[in-house]
Amino acid sequence: MSTIKQVAQEAGVSVATVSRVLNSNGYVNEDTRKKVLQTIDKLNYKPNAVARSLFKKQSKTIALIVPNISNPFFPEVARAIEDVMSGKEYTLILCNSDDKEEKEQHYFEMMKQKYVDGVIIATSTVRPKYIEKSGIPIVAVDRFINEDIPYVSVNNTAGAIQAVRYLKSTGCKKIAHIRGPEYIHNSEERYQGYLQEVQDESWFHPELIVNGNFESETTIKATEKLLTKHPDIDSIFAGNDYMALSVIKAALRMGKRIPEDLSVIGFDGINLSKLTNPELTTIEQPIYDIGYKAAELLLDVIEGRPLTNVQHELDVALYEGQTTKQMR
């Protein structure tokens, strides 16, 4: 592997001149610049990325921290982010935190040491003050952290209301909710949307709300317990598609027919929900657009461009699959 010193010797210039050409920093005669570039090509010289990041305190690298990479929502977001960043010659590092604060703090320490240029965070456990102290440009996706940190999400409450109203319109009379963790902002908003629509119904009881924690096995167990205790439940609104698919699995185990005995609606619109049989009815988020917008925002923050809007809420839409009855 060629070195910058060998390039300088071959081109008959100083190492400093080669450095100025590589970094487009400082004046270099045009003929000299062309000669250096030809020599770089001839020797197939590749600048040392680590050395350059140490010198510039930049690495052309950004990180994405997600709570659970097994949830298909997050790889779909990552795809959009990578599409934007690769076009700007940034490398994306994917970090799975398992929703553990100490693990997220470890990632932030690593990022400071390696001069990562920015972070997109999709978790809710790391404290806002710690994020601010890190000094790294941050954008939140699918999670609200605080009013000072740019974020991209959807109107979760309105989406939840739409889901419950749709179930009612198909004739459902007793609607339960599998919610996500209480400390996650979007989970709480979806729960509040459900509650707003059902709390005045004669059939409503707090026991119709159980926590699936955005996890498959937890959701399966919670669903089995819920349907055993309340066999007259005719529909379930799950706080995300991952849990909705787990609800279906639990219901089928118990001999329930979908949607004849139990209607199920999710929230997200992950690609996997369209590959199941029956196809999942869900409130679709524009997942790709969320990731794309978050990446654009992070580039604005990294490059010091003023943000006209810090909080971005995109629209959701009902996708009618086969896990709910037809509208009456």
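**Helix packing and sheet order in the predicted model**

The crossing of helices α8 and α9 is right-handed. The model described here is predicted. Helix α8 covers residues 156-169, and helix α9 covers residues 185-198. Their axes come within 7 Å and cross at roughly 40 degrees. Angles under 35 degrees count as roughly parallel, and those from 65 to 115 as roughly perpendicular. Helices α8 and α9 are therefore oblique to each other. On the α8 side, the contact is made by N156, T157, A160, I161, V164, R165 and K168. Helix α9 contributes N186, E189, R190, G193, Y194, Q196, E197 and V198. The residues of this contact are mixed in character: five are nonpolar, five polar and five charged.

A second helix pair, α2 and α3, was also examined. Helix α2 spans residues 15-23, and helix α3 spans residues 30-43. The two pack at an angle of about 85 degrees, and their axes lie 10 Å apart. Helix α2 is therefore roughly perpendicular to α3. Four residues of α2 take part in the contact: T17, V18, V21 and L22. From α3 come T32, R33, V36, L37 and I40. In this contact, six residues are nonpolar, two are polar and one is charged.

The strands were considered next. Six of them form an open sheet. Their order is β7-β6-β8-β9-β10-β12, and the pairing is mixed. Strands β7 (209-211) and β12 (317-319) are the edges of the sheet. Each of these edge strands pairs on one side only. From one strand to the next, the twist averages 20 degrees. At the β7 edge, the neighbouring strand in the order is β6. Strand β6 comprises residues 175-179 and runs parallel to β7. Three bridges join the two strands. In one bridge, R179 is partnered by N211 of β7.

These elements belong to a chain with twelve helices and twelve strands. The chain has 328 residues and a radius of gyration of 25 Å. A compact globule of that many residues would have a value near 20 Å. Along the principal axes, the C-alpha trace spans about 85 × 40 × 35 Å.

How values were computed:
Residues are numbered from 1 along each chain as its sequence is written. This is a predicted model: local features need pLDDT of at least 70, side-chain atom pairs count only at pLDDT 80 or more; totals for chains, interfaces and linings use all residues. Side-chain values use heavy atoms; hydrogens and water are left out. Axes are lines fitted to C-alpha atoms, for helices over the stretch in contact, and angles run from 0 to 180 degrees between N-to-C directions. Angles under 35 degrees count as roughly parallel, over 145 as roughly antiparallel, 65 to 115 as roughly perpendicular and the rest as oblique. A crossing is left-handed if the near helix is turned anticlockwise from the far one by less than a right angle, and right-handed if clockwise. Contact means heavy atoms within 4.5 Å. Ala, Val, Leu, Ile, Met, Phe, Trp, Tyr, Cys and Pro count as nonpolar, Asp, Glu, Lys and Arg as charged, and the others, Gly among them, as polar. Two strands pair if DSSP finds at least two bridges between them. The radius of gyration is taken over C-alpha atoms; the globule rule is 2.2 Å times the number of residues to the power 0.38.
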